[in-house]
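Let's take a walk through a protein model together. Have the sequence and the 3D view open, and we'll go from one spot to the next.

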Amino acid sequence: MLRVTVSALTRSVDATGVLVVGGLLTLLTWVVTPVWVGGALAFPPLVLFAPLALAPAFVTRGYFVRVLTDGVATGNAEGAPPFVSWNELYRNGVKSALVSAVLLAPLALGVALVALAGGALQSGLVDPAPVVAAIRGSLGDGGVTAVGGVAGGLVGTVAVAYLLAFAYVRPAAVAAFAASGRLRDGLRPRRVARVAGSGAYATAWVVAAATLGAGYALAGPLVPLVIGVGLVFVVRVAAYGLYGRGAAETLEVVDADGTGESTDPAAADAAERSSDLARAPTPEMPPGVQTGRTVSLDEPGGAVGADGGFEWGAPDGDDDGDDADTAGGFEWSTAVADREDKR
């Protein structure tokens, strides 16, 4: 499992391009996002530039969703996908961020309530004297400090436990969303629980966690040299490939027309409703063409091959390739009847 996912990038149709673009987007995410957040705190109108400032982060997230989708569908058999369909990457990145936000909402609410209680005590809106007196009467003078320490430790323990659960459940939720392309599938408790509760996903998650830990430890000292940024991206690609392979036991990618089958009954029922189908992708050239590997010209005088590349020859069945293009297409060769005209 680990060997296949780690080598996914090297088997990509555009390995160099994926590494360069992914590393650059990761670097921009680390630089642009904090600068924008600081600027927005100092000058609130900068919040309006959020779609632009967060674009590198959203596109990167969307790419990881695509890696995860390929992991569920084929185990990344064809290697890491190229950076194409950037609009789709952006949209999926936003949806992935929304999944994370919803999963973190209970923790954020708890932290907000604790902060609110602390602010109320500091401002004098609430008088803690009766409670303090009761604690001192029961536990002595050191009772207040002891109770405060226990309460703080309990809050910290709950927060850490929640973050660990979030780190485990979030990839499962994103996988549930990626398999169907519907955001609400990533927020369905039963669907997510089926993925997170499978043994294959648990194994894949442990391997991915170890891969991320080792990769970050290796990349950390190299980050100032920029090389580490690319290594972080590579490690995350491997991790999301592992998540996809682990989730494949309970999920199957649903096509845009809803013809894909899923082992999750909830997803199968949803796929039967035409109003709930994944949005059909925008027609575009094959990845090999977009990355500059092949040329695709759907014009008279040539035809698009099975792999999206251009096949030389006449489309009308004439193999001589010497007929002129009467439909206004490019003529690869022209038969000259009178050579005297060319002198």
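In which helix is valine 31 found? Valine 31 sits in helix H2, which covers residues 15–42. Keep in mind as you look that this is a predicted model.

Is valine 31 buried, exposed or something in between? With a relative accessibility of 45%, valine 31 counts as partly exposed. Valine 31 also has company on the surface: together with Leu24, Leu27, Leu28, Trp30, Val35 and Val226, Val31 forms a nonpolar patch. Added together, these residues have about 610 Å² of accessible area.

**Salt bridges**

Now for some charged side chains. The structure holds 3 salt bridges, and here they are, with the N to O distance for each pair:

| Pair | Distance (N to O) |
|---|---|
| Glutamate 88 and arginine 66 | 3.6 Å |
| Arginine 182 and aspartate 185 | 3.0 Å |
| Aspartate 185 and arginine 188 | 3.3 Å |

Start with the pair made by glutamate 88 and arginine 66, whose side chains meet in a salt bridge. This pair links distant parts of the chain, with glutamate 88 in helix H5 (residues 86–123) and arginine 66 in helix H4, 22 residues apart. Helix H4 itself spans residues 55–74.

How do the two partners sit? Arginine 66 has a relative accessible area of 14%, so it counts as buried, because the cut-off for that is under 20%. Glutamate 88, at 30%, is partly exposed. What does arginine 66 touch, leaving out residues up to four places away in sequence? Its contacts are Pro81, Pro82, Val84, Ser85, Glu88 and Leu89, so look for the salt-bridge partner Glu88 in that list too.

Next, find Arg182, Asp185 and Arg188, which are linked in a network of salt bridges. Aspartate 185 forms a salt bridge with arginine 182 and another with arginine 188. Both arginine 182 and aspartate 185 are buried. For aspartate 185, the relative accessible area is 0%. Arginine 188 counts as buried as well, at 19% relative accessibility.

**Following helix H5**

Back to H5, the helix that holds glutamate 88. Where does H5 bend? The bend is at alanine 105 and amounts to about 45 degrees, with a proline, proline 106, following within four residues.

Several residues of H5 are buried: Leu89, Asn92, Gly93, Ser96, Val99, Ser100, Leu107 and Ala120. And what do the buried residues of H5 pack against? They pack against H4 and helix H7 (143–180). One of the buried residues, Leu89, is also among the residues that arginine 66 touches. Just after H5, look for glycine 124, which takes a positive phi of about 85 degrees.

**How far to trust the picture**

Before you finish, check the confidence. The mean pLDDT of the chain is 78, and 73% of its residues reach 70 or more. Two stretches do worse than that cut-off: pLDDT stays under 50 over residues 299–319 and also over residues 321–337. Beyond four places in sequence, the model has 38 contacts for residues 299–319 and 16 contacts for residues 321–337. Where pLDDT is low, the predicted coordinates should not be read in detail.

Notes
Residues are numbered from 1 along each chain as its sequence is written. This is a predicted model: local features need pLDDT of at least 70, side-chain atom pairs count only at pLDDT 80 or more; totals for chains, interfaces and linings use all residues. Side-chain values use heavy atoms; hydrogens and water are left out. pLDDT is the predictor's confidence in each residue, from 0 to 100. Contact means heavy atoms within 4.5 Å. Helices (H or I, at least four residues) and strands (E, at least two) are DSSP runs, numbered from the N terminus. Buried means under 20% relative accessible area, exposed over 50%, partly exposed in between (1.4 Å probe, protein chains only). Patches are made of residues with over 30% relative accessible area and no salt bridge: like charges are joined within 9 Å, nonpolar side chains (Val, Leu, Ile, Met, Phe, Trp, Tyr) within 5 Å. Accessible areas come from the Shrake-Rupley method with a 1.4 Å probe; for residues, only the protein chains shown count as cover. A salt bridge is a side-chain nitrogen of Lys or Arg within 4 Å of a carboxyl oxygen of Asp or Glu. The bend at a residue is the angle between axes fitted to the seven residues ending there and the seven starting there.
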